[in-house]
Amino acid sequence: MGKRRLALCAGVLTVTAFGPAACAAYAADGGDVSVVPAAPAPGADIALRVTGCDAREAVAQSPALVSDARLTPDYGDGLAGDGRVRSTLTAGTYTVTVACDGTEHKGTVEVVRKQAPAAGAEPSAHPSPVAPVNAGGGGAARVFADGRERHGPGAAQTVVALALAGTAALTVHRAARRQARRGRGTG
């Protein structure tokens, strides 16, 4: 398979895999500004992104944010940055505004109420997170601590591995064939 054909196939697979999710996230927002997660709880960290803005930098403002969020160029065609939702905020929908090159881009963030613990629920036995260290054993400590058994790679990893193995085999075959032709021509 030629380089162009391989690149085309990789592009088609990428669009097929990630296109619907990206479109759904953008459509749910209803504006040029997207927020992930779209429905955070008070005190949560969020990622902000604006499209259609050619500036090198912009600022996202919202009454839902602790402070203005600085947006810088993303590896796509927009600006991105991080922010934090005010911890004292009540549940509701808040507007996020980004001023860019004299144009206002708007989006919304729907802040949801924090889930209260169930009545009678006891606090965790450990007041702080406790987990095994990822050292030695290739991370086996975490697998054994969970008590769950893991059963190999998923379908996506298998398909990628097979595609890479096929590409490697084809490359080795072509190199060997080229070497054999050179050997015949000089003898």
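## A walk through the fold

Reading from the N terminus, the elements of the protein chain come in the order α-β-β-β-β-β-β-β-α-α. That makes three helices and seven strands in total. Keep in mind that this is a predicted model.

**The chain as a whole**

The protein chain has 187 residues, and 19% of them count as buried. About 13700 Å² of the protein chain is exposed, with 59% of that area coming from carbon and sulfur atoms. As for contacts with a separation of 6 or more, 51% of those in the protein chain are between residues 24 or more positions apart.

**A cis bond after strand 1**

Let's start with the backbone. Most peptide bonds are trans. The bond joining Val36 and Pro37 is cis, with omega at about -5°. Pro37 sits in the loop that runs between strand 1 (33-36) and strand 2 (45-51).

**Leu79 and its surroundings**

Is Leu79 buried or exposed? Its relative accessibility is 1%, and buried means under 20%, so Leu79 counts as buried. This leucine belongs to strand 5, which covers residues 78-84. Setting aside residues up to four places away in sequence, Leu79 touches a long list of partners: Leu48, Arg49, Val50, Cys53, Ala55, Arg56, Glu57, Ala58, Leu71, Thr72, Pro73 and Asp74. Take one of them, Leu48: along the chain Leu48 and Leu79 are 31 residues apart, while their C-alpha atoms are separated by 8.3 Å.

There's another pairing of this kind at Gly76, in the loop between strand 4 and strand 5. Gly76 and Thr51 are 25 residues apart in sequence, and their C-alpha atoms are 8.9 Å apart in space. Gly76 itself is partly exposed, at a relative accessible area of 44%.

**Salt bridges**

Side chains of opposite charge can pair when their charged atoms come close. How many salt bridges does the structure hold? There are four, and the table gives details for some of them, including the N to O distances.

| Pair | Closest N to O distance |
|---|---|
| Asp45 and Arg84 | 2.6 Å |
| Arg49 and Asp74 | 2.7 Å |
| Glu57 and Arg70 | 3.0 Å |

Take the salt bridge between Asp45 and Arg84 to begin with. Asp45 is in strand 2 and Arg84 is in strand 5, so the pair ties together parts that are 39 residues apart in sequence. Both ends are partly exposed: Asp45 has 47% relative accessibility, and Arg84 has 44%.

Next up is the salt bridge of Arg49 with Asp74. This pair also links distant parts of the chain, with Arg49 in strand 2, Asp74 in the loop between strand 4 (69-73) and strand 5, and their positions 25 residues apart. Arg49 counts as partly exposed at 22% relative accessibility. Both Arg49 and Asp74 also turn up among the residues that Leu79 touches.

Then there's Glu57 with Arg70, another salt bridge. Here the link runs from the loop between strand 2 and strand 3 (58-61), where Glu57 sits, to Arg70 in strand 4, and the two are 13 residues apart. Glu57 is partly exposed at 43% relative accessibility. Arg70, at 54% relative accessibility, counts as exposed. Glu57 is one of the residues in touch with Leu79 as well.

**Thr97 in strand 6**

Moving on, Thr97 is found in strand 6, residues 92-100. Its relative accessibility is 17%, so Thr97 counts as buried. Which residues does Thr97 contact, once neighbours within four places in sequence are left aside? They are Val59, Ala60, Gln61, Glu104, His105 and Lys106.

**An arginine patch on the surface**

Finally, the arginines. Arg174, Arg177, Arg178, Arg181, Arg182 and Arg184 come together on the surface as a patch of positive charge. One of these, Arg181, lies in helix 3, which spans residues 155-186. Arg181 has a relative accessible area of 49%, so Arg181 is partly exposed.

Notes:
Residues numbered from 1 in each chain as written. Predicted model: local features only at pLDDT ≥ 70, side-chain atom pairs only at ≥ 80, totals over all residues. Heavy atoms only, no water. Patch = residues over 30% accessible without salt bridge, like charges linked within 9 Å, V, L, I, M, F, W, Y side chains within 5 Å. Areas by Shrake-Rupley, 256 points an atom, 1.4 Å probe, with all protein chains shown as cover. Salt bridge = Lys/Arg side-chain N within 4 Å of Asp/Glu carboxyl O. Lys, Arg positive; Asp, Glu negative; His and termini not counted. Charge placed at Lys NZ, Arg CZ, Asp CG, Glu CD. Helix = DSSP H or I, 4+ residues; strand = E, 2+ residues; numbered from the N terminus. Buried < 20%, exposed > 50% of the residue type's maximum accessible area, 1.4 Å probe, protein only. Contact = heavy atoms within 4.5 Å.
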